[in-house]
Amino acid sequence: MSDALRDLYQEVLLDHYRRPRNAGVLADATHEAQGNNPLCGDRIKLQLGLDGDRLERIAFESSGCAISTAAASLMSEAVKGKTKSEAESLFREFQRMLTAPVAAPDAEERLGKLAIFEGVREFPVRVKCATLPWHTLHAALANERTKVTTE
Ligand code: ZN
C-alpha cells in the first residue's frame, strides 16, 4: 500500500465514520437484514427499498468500530441505484480485494472509492469488520421482509 493510499484511507475512513451516509431507517423497506461481528462487537441493521431489481433506497444503523461503520457508509453509496446483480458483483469484487492473495489488476477501477480498504487485507480480523455490511447486504437481498407464499 502506498503512502498516498494510506493517507487517503485514513481521511475517507474518518470522514465516513463521523458522518455516515445513508444512516437511519426506511419507512418503506422491502428488504432488511441484521449483521453481527462478535469478534469486534460490530452490529448493523440494513434496510433496502427495491424498485423491481434496482436498489432505490438504502439505510443502515450501525454500532461498532470505525471500519465497519465507514464500510457500511461507503457501501451504501456504492450500491445505491445499482441492480441486485451489480451490487452482488461489487460485493464479490470487494471480498476478492480483501482476501485473495493477489488483487485483480483492474480492481481499483471497478471499486472506485471502495479501493481504500485494500490495506485492511494485512489485518484479517479487520477484514471481518469491512465485509460485515456486505454480508448483511447479501442476506438482505436474499430475504424479503415480507414473504409471500401460496402454500
Ligand atoms: Zn469492527
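Visitor: Taking the expected span of a helix as 1.5 Å times one less than its number of residues, how many Å should α2 span, and how far apart are its end C-alpha atoms?

Guide: This is a predicted model, and in it the 14 residues of α2 should span 20 Å at 1.5 Å a residue, which agrees with the 20 Å that separates the end C-alpha atoms of the helix.

Visitor: And how many residues of α2 are buried?

Guide: Of the 14 residues of α2, 12 are buried, so the helix is largely enclosed by the rest of the structure. Among the buried residues are Ile67, Leu74, Met75 and Val79, together with smaller side chains including Ser68, Ala70 and Ala71.

Visitor: What covers them?

Guide: The cover over the buried residues of α2 includes the helices α1, α3 and α5 as well as the strands β2 and β3.

Visitor: What follows α2?

Guide: The helix is followed by Gly81, a residue whose phi is positive, near 90°.

Visitor: Same check for α3, then: what span should it have, and what do the end C-alpha atoms give?

Guide: With 16 residues at 1.5 Å a residue, α3 should span 22 Å, and its end C-alpha atoms are 22 Å apart, which agrees.

Visitor: Which residues of α3 are buried, and what do they pack against?

Guide: The buried residues of α3 are Ala87, Glu88, Leu90, Phe91, Glu93, Phe94, Met97 and Leu98, a list that holds two glutamates. These buried residues pack against β3 (54-63), α2 (66-79), α4 and α5.

Visitor: What about Arg92, buried or exposed?

Guide: Arg92, which is also found in helix α3, has a relative accessibility of 46% and therefore counts as partly exposed. Its C-alpha atom is separated by 26 Å from that of Asp3, a residue 89 positions away along the chain.

Visitor: Changing topic to the metal: which residues coordinate the zinc ion?

Guide: The zinc ion is coordinated by the SG atoms of Cys40, Cys65 and Cys129 and by Asp42, which is listed twice through OD, at 2.2 to 2.7 Å. Along the chain, the donors of the zinc ion follow the spacing C-x1-D-x22-C-x63-C.

Visitor: Where do Cys40 and Cys129 lie?

Guide: Cys40 is in the loop between β1 (31-37) and β2 (42-51), whereas Cys129 is in helix α5 (residues 124-142), so the pair ties together parts that are 89 residues apart in sequence.

Visitor: Are those cysteines buried or exposed?

Guide: They vary: Cys129 counts as buried because its relative accessibility is 0%, Cys65 is buried with a relative accessible area of 15%, and Cys40, at 31% relative accessibility, counts as partly exposed.

Visitor: How many disulfides turn up?

Guide: A search of the whole structure finds 0 disulfides, where a disulfide would need a pair of cysteine sulfur atoms within 2.5 Å.

Visitor: OK, aromatics. How many pairs are there, and which rings make up the cluster?

Guide: The count comes to 4 aromatic pairs. One of them is Tyr9 with Phe117, an edge-to-face pair at 6.2 Å centre to centre with 80° between the planes. That pair links distant parts of the chain, with Tyr9 in helix α1 (residues 3-18) and Phe117 in the loop between α4 (107-111) and α5, 108 residues apart. Both Tyr9 and Phe117 are buried. Another is Phe91 with Trp134, which is stacked, with 6.3 Å centre to centre and 5° between the planes. Ring pairs link Tyr9, Phe91, Phe94, Phe117 and Trp134 into a cluster.

Visitor: What parts does the Phe91 and Trp134 pair tie together?

Guide: Phe91 sits in helix α3 (residues 84-99) and Trp134 in helix α5, so the pair ties together parts that are 43 residues apart in sequence. Both partners are buried, with a relative accessible area of 6% for Phe91 and of 0% for Trp134.

Visitor: Last one: what does the side chain of Gln47 contact?

Guide: Gln47, found in strand β2, counts as buried because its relative accessibility is 3%. A polar atom of the Gln47 side chain lies 2.7 Å from the backbone nitrogen of Leu26, and a polar contact of 3.0 Å joins the side chains of Gln47 and Glu32.

Terms used:
Residues are numbered from 1 along each chain as its sequence is written. This is a predicted model: local features need pLDDT of at least 70, side-chain atom pairs count only at pLDDT 80 or more; totals for chains, interfaces and linings use all residues. Side-chain values use heavy atoms; hydrogens and water are left out. Buried means under 20% relative accessible area, exposed over 50%, partly exposed in between (1.4 Å probe, protein chains only). Donors are N, O and S atoms within 2.8 Å of the metal (3.2 Å for Na, K and Ca); water is not among the atoms, so sites may look incomplete. Helices (H or I, at least four residues) and strands (E, at least two) are DSSP runs, numbered from the N terminus. Rings of Phe, Tyr and Trp (its six-membered ring) pair if their centres lie within 6.5 Å; planes under 30 degrees apart count as stacked, over 60 as edge-to-face and the rest as tilted. A polar contact is a pair of N or O atoms within 3.5 Å; within protein, one must be able to donate a hydrogen and the other to accept it, and residues adjacent in sequence count only if both atoms are side-chain atoms. The expected span of a helix is 1.5 Å times one less than its number of residues. Contact means heavy atoms within 4.5 Å.
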